[in-house]
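Here's a quick tour of a protein model, starting with its pocket and moving on to how some of the helices pack. Keep the structure open while you read.

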Amino acid sequence: MIETAEAMVKCLELEGVKVVFGYPGAAICPFYDYIYKSDKIRHILVRQEQNGGHSANGYARVTGKPAVCIATSGPGATNLITAIATAYADSIPLVVITGQVNTDQIGRDVFQEADITGSAEPFVKHSYLVKDATQLPRIMKEAFYIAGTGRNGPVLIDVPMDIQKVMIDFEYPESVDIISYNPTTKGNGLQIKRVVEAIQQSEKPLICVGGGVFSADAQAEFFKFANTFDIPVVTTMMGIGAIKGDDKLNMGMIGTHGCKLANQAMNECDLLILIGARVGDRAVTQPTFLAETRKIIHIDIDPAEIGKNMPVNIPLVGDAKKILLKLLETMEGSSSKKFTEWLNFLNDRKLPLEFADTPKGTINPKLFMKKLSDKAPSNTIIVADVGQNQIWTANGFKVKDGRFLTSCGMGTMGYSVPASIGVKLAKPDSPVIAICGDGSFQMSFMELATAVQHDVPIRVVVMVNNRLGMVCELQNKQYEHREMAVHLDGSPDFVKLAEAYGIPSMRVDDDSQIDDAIDRLFNEKGIFLLECSVAPNETTL
């Protein structure tokens, strides 16, 4: 017989969990007492609960496995909701554990009580309020299974404090059998044949790849498929990094903030093959028009996404890795043609980059991203925040063998610094760079203390224009330059702020300084912060 709180820790250990991110409180202390006794789990104390969720998000995205974040009841749990929603929007597997008031106090508005399962319901794949301690091992096993299968997502487990103290016979299930949950992974054979026929009948096919390729760990299969038949590729923002940034097949990111060639390719193709992409409004602004003028194939693990935002000619539900392997097997065994002429046509349209001069005392952020990309080791992982910095990074940094991570579906500011901590803990041998604007940085810079305390050597780049840059750009374009509530007057000196945390830093305010600054960024052994001065009127275009 062991306490349920101890059983919770044993469940994590048996799931292979090495790192958890959290912020304790009274209602989760029984669980924390057994984490203290575990020699297999490292706990990372964040400085705000939401950031614990973002750190777990980054950890999950690069490991491909559900990651764990923890909070106490009431405000601790509600602070996690934005991080849960962020993970849900981007299909990131999390197991979120929260403490709750005693069972007999639920519904009585006692101190630090909040209905977290009800509050988070729109943003979770599933949730549990544990009322029977004997069911805890089954619940934990199911939570990891649900979070990491089918379309990935966050699962919430809310455990009352008295339940954590109940003595139970511990036995962890070896398997999961949920009658109502059985995601399709194989892909319908008839639909696969239809996809092959559509590709063979096409003259100008185009693959649009999204984040689902990473969820399925199908990057190699996707690239082999595209490369074997010379099919050009565009990516959503979530799909950046599925193919190397400088590959001949890569036409760039689509959408309102994407590159011109990628959008032209979308408009001129006669067959669009969507793989693990949800056709969000920032990626495809006129989905109905596209569907009227070309044939659409949509491959996705979640049947609810197919046809939701764009009419589809050939739907194909299943795991991208398995489907791509079957497509390769089928097409390589036939007289499939290549689309080299169409690929060359698009590559001939690629234009050399040009960089405008910027006002004295500022750098060109697009030039900075170009140089950062050129100098970065091939395994560099970039974690961009939300705003202009995100667009400069998405369009300017050419991913090689690393990754590009950001909050896409929810567009959560303050994501990059805590997420980069999770990424670095999961991938200690890869350089990890958080790219922020001065607005987004000020939403989570307290996590620099987390990086210092736990010796997590991330690099942080802060683009400073004293503006909420993306909103300011929108106001200038659509609201006749009426800049309202976007000036960040009163912001600290970020170089001095870094110094306060004991972090080496420097500032660049001229393009001639960029090369030396980037060299130092990569050569510093510990945490490093680089502040880049950007003109207030700099745009994403």
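## The largest pocket

A pocket here is an open set of grid points, where a 1.4 Å probe fits, with protein on both sides within 12 Å along at least five of seven lines. Bear in mind that this is a predicted model. The largest pocket in it has a volume of about 1500 Å³. If you want to find the middle, look for Cys259, Leu351, Leu353, Asn395 and Lys398, the closest to the centre among the 48 residues that line the pocket.

Who supplies the walls? Four elements each give two or more residues to the lining: β11 (250–253), α12 (260–268), α16 (365–375) and α17 (388–396). Of these, α17 gives the most, with five residues. By class, the lining is a mix, with 19 nonpolar, 16 polar and 13 charged residues.

## α3 against α18

Now for the helices. Two packed helices are described by the angle between their axes and the distance between the axes. Helix α3 (residues 49–63) packs on helix α18 (residues 416–426) at an angle of about 40 degrees, and their axes are 7 Å apart. That angle falls outside the ranges for parallel, antiparallel and perpendicular, so α3 and α18 are oblique to each other. The crossing of α3 past α18 is right-handed.

On the α3 side, the contact comes from Asn51, His54, Ser55, Gly58, Tyr59, Val62 and Thr63. They meet Pro418, Ala419, Ile421, Gly422, Val423, Leu425 and Ala426 of α18. Sort this contact by class and you get eight nonpolar residues, six polar ones and no charged ones.

## α3 against α5

α3 also has helix α5 (residues 81–89) as a partner: the two axes come within 7 Å and cross at roughly 25 degrees. Angles under 35 degrees count as roughly parallel, so that is the label for α3 and α5.

Here Gln50, Gly53, His54 and Asn57 in α3 meet Thr82, Ala83, Thr86 and Ala87 in α5. His54 also turns up in the contact of α3 with α18. The contact of α3 with α5 has two nonpolar and six polar residues, with no charged ones.

## α9 against α14

The last pair is helix α9 (residues 189–201) and helix α14 (residues 320–332), whose axes come within 10 Å and cross at roughly 55 degrees. That makes α9 oblique to α14, and their crossing is right-handed.

α9 brings Ile192, Val195, Val196 and Ile199 to the contact, while α14 brings Lys326, Leu327, Thr330 and Met331. Six of the residues in this contact are nonpolar, one is polar and one is charged.

How values were computed: Residues numbered from 1 in each chain as written. Predicted model: local features only at pLDDT ≥ 70, side-chain atom pairs only at ≥ 80, totals over all residues. Heavy atoms only, no water. Axes fitted to C-alpha atoms, helices over the stretch in contact; angles between N-to-C directions. Parallel < 35°, antiparallel > 145°, perpendicular 65-115°, else oblique. Left-handed = near helix turned anticlockwise from the far one by under 90°. Contact = heavy atoms within 4.5 Å. Nonpolar A, V, L, I, M, F, W, Y, C, P; charged D, E, K, R; others polar. 1 Å grid on protein atoms, 1.4 Å probe; cavity = no way out; pocket = protein on both sides within 12 Å on 5 of 7 lines; lining within 4 Å. Points joined across faces, edges and corners; volume = space filled by probe spheres on them.
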